[in-house]
Each structure stands twice: as C-alpha cells, then as structure tokens.
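Me: I've got a structure open and want to talk it through before doing anything with it. Mind if I fire some questions at you?

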Amino acid sequence: LAQPAVAFSVSHNGKPVLQLPATDLARRIVAILGADFAAEAIVLDERAGAIAPAAPLPEAGLHLEGLVGKPTAARARADAQYFYVNGRFVRDKVLAHAARAAYADVLHGDKQPSYVLALAIDPRLVDVNVHPAKTEVRFRDSRAVHQFVFHAVQRALARTAAQSAQALADHAAREVHVRIAGERDVHVHPFLKSREAKKVAR
C-alpha cells in the first residue's frame, strides 16, 4: 500500500501466490483490501498550499489521497486504519485524531472508521526519527496538518451525505408521483372514463 507504483510478486515453494502490478493507490487498495472495502469507501484526493518556511519549493504543499470508508462501513475495532506519510506507514496521534474528528457527526459510540490515506509533505516539515521503528512522526506545524486532514476527510464525507440525501429525495419524489397518479386513476368516475373512451373512438 505504501508504494503502489512498485510492482510486487510473492512466491511460495516456487509458486506465485500474489501478483501486484504497478498501479495507482486506489487500485492497489482494491487489490489488497478487496472490492467490498472499496465499494463502501469514498475516493479522496485533496491538495493544499505550502506550509512556511517551505513556500519557495513547488512541492512544498500538502497532498492527501486514498479511500475513506462510509459511515455504514464503520467497524467495532480500529483494524482497518492505514496512514502513510511520504510512503512510510505511521501510527501518528495527530493524523488519527484528525481523521476520527472528521467522523464525529456521523459515527457514534465506539464505532471506528476505516480508511487508507497517504499524505505527501515536504520532508523538511516532518521528523521521522522520533521512534526506533520509524512508525511515529513529528510535524513542524502539527496544527496545520491536523486541520488539512480533518477538513479533507470531512468534505469527502459531506459530499457523500449530500449525494445520499439527494438520491433519497429523488426516490421519494418518484414514489409520490406514482402514488398520486395511481390515486387519480382509481378515483376517476366510470362515466368520465367512458366519455374519454368515446372521444378517442371519434
């Protein structure tokens, strides 16, 4: 998941057990986590401007991409949460809190969101040497990173909620239209029906 642009081949006893061609992150997620996960997820791809003092560099902005699970895909455990920073898997409290906070209005109780997210940031703005296993990082401006991730995930969830609401409204409108049409047909007096039939015959 960390390097979707790299092809992987795994063999056991001379037989291939896993073939992963080079691809983009979304397709690699499907290949690893399955189509069911992807079917209940939202594509996220957002960018933001540079964080000082890295502004002179064109690559100094923030880029977040991946898939975030819909509220209906919430799990009992936080076992489907994957965050990558510059191609490295991390367990970071700032990032985890930002993602969880984005779900605050749509997830309740102990339900846990599912997501696979990759953050690209200027390496000068993140310290990867805070843990021997390199699984923790420290951002120079953790608040700016937190806000970027929070709003990116929140906007993705809001778009899906709006689309679902519109779909429900359209469905309800169709049902009302059909019901009204049916009621009109049922309550038409037989005499009027016969008159209409005679007009057609003429």
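Here are the questions and replies, starting with confidence and moving on to contacts.

Me: First up, what does the protein average in pLDDT?
Reply: Keep in mind that this is a predicted model, so confidence is a fair place to start. Of the residues, 74% score at least 70. The average pLDDT of the protein is 81.

Me: Which element has the lowest mean pLDDT?
Reply: At the top end sits strand β7 (residues 115-120), which has the highest mean, 96. At the bottom, with a mean of 49, is helix α5 (residues 190-201). The name you want is helix α5.

Me: How many contacts does the stretch 164-172 have beyond near neighbours in sequence?
Reply: The pLDDT is below 50 over residues 164-172. Residues 188-193 are also below 50, and that stretch has two contacts beyond near neighbours in sequence. For 164-172 the count in the model is zero.

Me: On to charges: how many salt bridges are there?
Reply: Side chains of opposite charge can pair when their charged atoms come close. The cut-off here is a Lys or Arg side-chain nitrogen within 4 Å of a carboxyl oxygen of Asp or Glu. By that rule the count is seven.

Me: How far apart in sequence are the parts that Arg-155 and Glu-46 tie together?
Reply: Arg-155 and Glu-46 form a salt bridge, with 2.6 Å between the closest N and O atoms. Arg-155 belongs to helix α4 (residues 142-186) and Glu-46 to strand β3 (residues 41-48), so the pair ties together parts separated in sequence by 109 residues.

Me: And is Glu-46 buried or exposed?
Reply: Its partner Arg-155 is partly exposed, at 39% relative accessibility. For Glu-46 the relative accessibility is 13%, and the cut-off for buried is under 20%. That makes Glu-46 buried.

Me: What about Arg-77, buried or exposed?
Reply: Arg-77 forms a salt bridge with Asp-79, the closest N and O atoms being 3.4 Å apart. Asp-79 has 34% relative accessibility and counts as partly exposed. Arg-77 has a relative accessible area of 60%, and over 50% is the bar, so Arg-77 is exposed.

Me: Which residues do salt bridges with shared partners join into one network?
Reply: Go back to the bridge between Arg-155 and Glu-46. Through shared partners, these two are joined with one further residue into one network. The full set is Glu-46, Arg-155 and Arg-159.

Me: Now for the rings: how do the planes of Phe-83 and Tyr-115 make that pair count, as stacked or edge-to-face?
Reply: Two aromatic pairs turn up in the model. The ring centres of Phe-83 and Tyr-115 are 6.0 Å apart and the planes sit at 70°. Planes over 60 degrees apart get one particular label, so the pair is edge-to-face.

Me: How many residues apart are Phe-83 and Tyr-115?
Reply: Phe-83 is buried at 4% relative accessible area, and Tyr-115 is buried at 3%. Phe-83 sits in strand β5 (residues 81-85) and Tyr-115 in strand β7, so the pair links distant parts of the chain. They are apart by 32 residues.

Me: What arc do the buried residues of α3 cover around the axis?
Reply: In helix α3 (residues 93-102), the buried residues are Leu-95, Ala-98, Ala-99 and Ala-102. Their arc puts them on the same side of α3, while Lys-93 and His-97 are exposed on the other side. The arc is only 95°.

Me: Which residue caps the N-terminal end of α3?
Reply: Look for the backbone nitrogen of Val-94. A side-chain oxygen lies 3.0 Å from that nitrogen. The capping residue is Asp-92.

Me: What is the relative accessibility of Ser-114?
Reply: Ser-114 is in the loop between α3 and β7. Outside its neighbours within four places in sequence, its contacts include Phe-37, Val-68, Arg-75 and Tyr-103. Ser-114 counts as buried, with a relative accessibility of 2%.

Me: Last one: which side chain makes a polar contact with the side chain of Ser-9?
Reply: Ser-9 lies in strand β1 (residues 8-12). Apart from neighbours within four places in sequence, Ser-9 touches Leu-18 and Gln-19. The polar contact, at 3.1 Å, is with Gln-19.

Conventions:
Residues numbered from 1 in each chain as written. Predicted model: local features only at pLDDT ≥ 70, side-chain atom pairs only at ≥ 80, totals over all residues. Heavy atoms only, no water. Helix = DSSP H or I, 4+ residues; strand = E, 2+ residues; numbered from the N terminus. Contact = heavy atoms within 4.5 Å. Polar contact = N/O pair within 3.5 Å; in protein donor to acceptor, adjacent residues only side chain to side chain. Buried < 20%, exposed > 50% of the residue type's maximum accessible area, 1.4 Å probe, protein only. pLDDT = per-residue confidence, 0-100. Phe/Tyr/Trp six-rings, centres within 6.5 Å; stacked < 30°, edge-to-face > 60°. Arc of directions from axis to C-beta.
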